[in-house]
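Work through the exercises below with the model open beside you. Try each task before reading its solution.

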Amino acid sequence: MKWFDYAAPRTVAEAAGILASHPGALPLAGGTDLLGQLRSRVRETDLVVDVKRIPELNEISWDAARGLTLGAAVPCYRISAHPVIRRAYPALADVAALIGGVQIQGRASIGGNLCNAAPSADAVPVLIALGAVCLVSGPGASREVRVENFCTAPRRHVLEPGEILVAFQLPPPGPGAGSYYLRFIPRNEMDIAVAGAGVAVTLDDGHIRSARIALASVAPTPLFVEEAGEWLAGKPVEPQSLAAAADLARKAARPITDMRGTAEYRRHLCAVLTRRALEAAIKRAKEERS
Amino acid sequence: MSESTYAVVGTRPPRHDATDKVTGRAHYGADFQLTGMLHGFILRSPHAHAAIRRIDVSKAEAFPGVKAVVTSADLPESPEQMVDIGEGAMPLSYIRGNMLARSKVLYKGHAVAAVAAVSPHVAEEAASLIEVDYDVLPCALTVEDAMRDGAPVILPDLRTKEFGEQTGRPGNVAEHFRHVLGDAENGFTEADLVVEREFRTATVHQGYIEPHATTVLWNEDGHVLVWCSSQGAFTVRKATAAVLDLPVLRVSVTPLEIGGGFGGKIRIYLEPVAALLSKKSGRPVKIVMSRQDVFEGTGPTPGSHMRIKMGARKDGRITAAQAYLAYEAGAYPGAMVAPGAMCVFAAYDIPNVVIDGYDVVVNKPSTAAYRAPGATQAAFATESVVDEIAENLGLDPVEFRLMNAAKEGTRRADGPKFRRIGCVEVLEAMRNHPHYRAPLEGPNRGRGVAVGFWFNVGLASSCTISVNSDGTVNLLDGSVDLSGTRTSVSMQAAETLGLRAEDVRPSVGDTDSIGFTEVTGGSRTTYATGWAAVEAARDVIGQMKERAALLWETDAASVEFDRGVFRAGGRSITFQELAAQLDETGGPVVGRGAVNPSGAGGSFSGAIADVEVDPETGKVSVLRFTAVQDAGRAIHPSYVEGQMQGGSVQGIGWALNEEYFMSAEGAMLNSSWLDYRMPTSLDLPMIDTVIVEVPDPEHPFGVRGVGEANIVPPPAAVSNAVYRATGVRLYRLPMNPVAVMEALWQKESEPGGGSLHSDAAA
């Protein structure tokens, strides 16, 4: 690991100023990805900017009308333990408890998981499925970016120099909602998704009112399969419907062959995981309604 | 067994080193510190095979904080010799070549240069400034690649040895040997059923949690002092002295605690490099490997390509067997194919056998020992074929094995005739275990069995025992403590002396303080060092008898010793009472034991595995697992069970996910814990254990080494279980989800087909 300087700003404006004036600077939230990358020299920088001390990045707030505002640097353990998130966004609570072990969850954040921009990021399909929007601040005006539009390539995203991801805004789930994330890993823990599926559904008397489906590890970025969710809208809750949506997810996948699996195997997993995740989300939605 | 005979042997006292281990006070390799210590970093080859045209270290030397830079040019030259590297010998030129590459790099990760600096980060940064001009060469990564006509020649001076003779033929085959017993061709004609299958296994790593770590001071007096984590201080001393061309007297090695070895910490990688850096800088130098260094720069176990052919009569008798075993040696000759050939059919009494072994050099790290080295690959192949024959003959797989089991007097194709062994007893214990008859409910589930053998070694061990005035003793031996050997050795001394285990204070000596002792490996420590401790204790008893005789003014020969009490002519004195009178009777009593047993009894092991296969993902879950092993005599049953569980888990790792995943250019792409995928506790059921005790006839307590045989059966047992769960038999390790899914797809596309990836038919 090379030497680097360290800054710990206390406000969004201060952080944005430092990041704008040091184009090579890298923001650090939990550091669970970044420090490993610096140690293995996958990334190098002269300046690390710790954003954990900025209040807005550490807040969780809930409003029945606006939904959930989740600070980008909130560590996973707070998310998985949060009663509102556990009730209203169960897939988000699940994924916060899935990433890493207890020590990692004490540091790792959902904002960091997104900004690391790995195709395999477990939290990102969930954020997409839940319709999350990124609140971005920078030297200019603040802006909003839908999570599915945030990543542009492996390790690349839309933030401009000086811009900082402050929080996520998640819409309220509405009645009859259920969400689920399912990843496939060869082991039962400590692994990177070979493929993953995050789904959110709302039910309406035996029919699917709406659905959003997103996939991990099967494209250069986390993949929003909008057509699969749209196809499901209005369909009865039947195995054929789910299988057809799963097949759309399989067709949307653009995986590669690597040490974690072949492209053919990953496409196959997309269908299996999407179907299983839909079944689990629907089960949750039914429990929510009953 | 007669448990009542022993007071200490067979009990479960706490480990002597337990407190230091659980509080973190124990000093492992990387914990060692010296004043003024520098940190070394090794620059490694990015290429699997390349000629080195030029190395320019000037920028690294000029980097602030750098105190020394070395390359192979700093290694001494000396005539070729074979150097004992623990459980075998290797030419000095290969050992030196692996330390720092000379004219060529032979694998990605091959050490090329090293830097010592004021911090590990400065050393790493400076190493990145070393300019190496490579001429990249084509590489050969598997035995099939390397044996092909026109394959890249990896070692230009290598000539193939065949049937013990030098052929003068260049190439990548270092050796081809053959073992013959009876007439295999004839034996196959007697068979009603002949099954021949082809198998492949991946390169896998021992996966010890502690990376290699060493600290070396080349002292101003010319003496080289080493503090390191290894499986044997004397082997480190010998290899380090040979590479540096020093007499062994000039090298002292202090063993630190070891965080796992499994055979992988027998050979040295860092010590001579750190020594050269220390010599140049005048300061002690510590080098600690990263996990990537460990995967890419140390010795994994060979990947293999095997064919097994076996024939049996309808009555269940195996009439003939043939094996083709080609193992990847890595960059230098020495694939563990010879022991593989010793074990491939060892569990069976087969009259007609041919075994061909090939030791093949490839562009991967030079392979090293790994728990029953060479046997696990071979057993995966043999036990899969045995399973298939049993099924085709309609026989229970354990009964079929029992019908053909090796026993006392059975001759192996490689020569030895078995003395008393426990193969039958292990199989009977499997058959009688409730697990074997338990119903297996639910779809996609299957149960598989397999057995395995490891021959174990004896070799040299030294031990001294000093008697304290309160009747306790200090025990010093030369065996690095792996998995509780301090205690298993102390218990044998305690039993002999009539003491409690906690009356013995054991410690592991450095090379200046204790007699020569071979590595902790080959399942030899509880057996051979335990035996040395018994000899040392007997020596203590002999000397103490003389003291008692002196007190009683009688003849030492008339003094008897039993369970801690000396007796003669109606008088008696306890060990403790006599110990208090040593000063008055001639001074301290120090017993010594030095042994070199050659006939260690082998250990058989069996596994019963239940699995469930997810038919949609190909993922295999191990639901239940029972390990059975002949321990001869379990000195400390908990440690025996621990070995059985550890070996089982490693074998399950081989079976399911572990492999060196290589790019076509020879780079290991998964050189991290995350992607190498050893099983974690969440991937495993509780491993049930059954200790079988068929005492070794020569050892004072009947001990058989138990460290290794337990890894041999699991991959085959899991594979046989996967077959029963899915109807699909896999012939390649690992059976990861992709492999299983592809096999299931192939089965779907071939109605009626069940056997896959096999080039030969029954």
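The exercises treat a predicted model, starting with a chain contact and ending with two backbone details.

**Exercise 1. The contact between the chains**

Task: Find how many residues each chain gives to the contact, and how much area chain A and chain B bury between them.

Solution:
- Step 1. Count the residues that have heavy atoms within 4.5 Å of the other chain. Chain A gives 27 residues and chain B gives 28 residues.
- Step 2. Take the buried area. Chain A and chain B bury about 2600 Å² between them. Carbon and sulfur atoms account for 54% of that area.
- Step 3. Look for the main contributors on chain A. A:Arg187, A:Met259 and A:Tyr265 supply 26% of the area that chain A buries against chain B. No other three residues supply more.

**Exercise 2. Charges and polar pairs across the interface**

Task: Count the salt bridges and the polar contacts between chain A and chain B. Then describe the side of chain A that touches chain B.

Solution:
- Step 1. Apply the salt-bridge rule, with a nitrogen of Lys or Arg within 4 Å of a carboxyl oxygen of Asp or Glu. It finds eight salt bridges across the interface.
- Step 2. Check one of them. The side chains of A:Arg41 and B:Glu125 form a salt bridge, with N to O at 3.4 Å. The pair qualifies because the cut-off is 4 Å.
- Step 3. Count polar contacts. There are 18 residue pairs between chain A and chain B, both residues at pLDDT 80 or more.
- Step 4. Ask which element of chain A gives the most to this side. It is helix H11 of chain A (residues 263-289), with seven residues.
- Step 5. Sort the chain A side by class. It has 12 nonpolar, 11 charged and four polar residues.

**Exercise 3. A five-stranded sheet in chain A**

Task: Give the strand order of the open sheet of five strands in chain A, and locate its edges.

Solution:
- Step 1. Read off the order. The sheet runs S4-S5-S10-S6-S7 in chain A, with antiparallel pairing.
- Step 2. Find the strands that pair on one side only. They are S4 (60-63) and S7 of chain A. The twist averages 25° from one strand to the next.
- Step 3. Inspect one pair inside the order. S5 (residues 67-71) and S10 (residues 164-170) of chain A are joined by four bridges. In this pair, A:Gly71 stands opposite A:Ala167.
- Step 4. Move to S6 (residues 133-137) and S7 (residues 143-146) of chain A. Four bridges join them, antiparallel. A:Cys134 stands opposite A:Val145. S6(A) and S7(A) form a hairpin with five residues between them.

**Exercise 4. A three-stranded sheet and its helix in chain B**

Task: Describe the open sheet made of S24, S25 and S26 of chain B, and find the helix that lies across these strands.

Solution:
- Step 1. The order is S24-S25-S26 in chain B, paired antiparallel.
- Step 2. The edges are S24 (560-562) and S26 (571-574) of chain B. The twist averages 25° from one strand to the next.
- Step 3. S25 of chain B (residues 565-568) is joined to S26(B) by four bridges. B:Arg567 stands opposite B:Ser572 there.
- Step 4. Helix H16 of chain B (residues 525-552) lies across S24, S25 and S26 of chain B. Helix H16 runs at about 50° to S25(B).

**Exercise 5. One strand, two senses of pairing**

Task: In which sense does S11 of chain B pair with S9(B), and in which with S19(B)?

Solution:
- Step 1. Recall the two options. Strands of a sheet pair through backbone hydrogen bonds, either parallel or antiparallel.
- Step 2. S9 (residues 159-162) and S11 (residues 173-181) of chain B run parallel, with two bridges. B:Glu162 has B:His176 as its bridge partner.
- Step 3. S11(B) and S19 of chain B (residues 352-361) run antiparallel, with eight bridges. B:Phe177 has B:Gly357 as its bridge partner.

**Exercise 6. Backbone details**

Task: Place the cis peptide bond at B:Pro734, and the positive phi of B:Asn444.

Solution:
- Step 1. The cis bond joins B:Leu733 and B:Pro734, with omega about 0°. B:Pro734 lies in the loop between helix H20 (714-726) and helix H21 (737-749) of chain B.
- Step 2. B:Asn444 has phi near 65°, although the residue is not glycine. B:Asn444 sits in the loop between helix H14 (434-437) and strand S20 (445-454) of chain B.

Key. Residues numbered from 1 in each chain as written. Chains lettered and ligands numbered in written order. Predicted model: local features only at pLDDT ≥ 70, side-chain atom pairs only at ≥ 80, totals over all residues. Heavy atoms only, no water. Buried area = accessible area lost by both parts, 1.4 Å probe. Polar contact = N/O pair within 3.5 Å; in protein donor to acceptor, adjacent residues only side chain to side chain. Nonpolar A, V, L, I, M, F, W, Y, C, P; charged D, E, K, R; others polar. Pairing = 2+ DSSP bridges. Axes fitted to C-alpha atoms, helices over the stretch in contact; angles between N-to-C directions.
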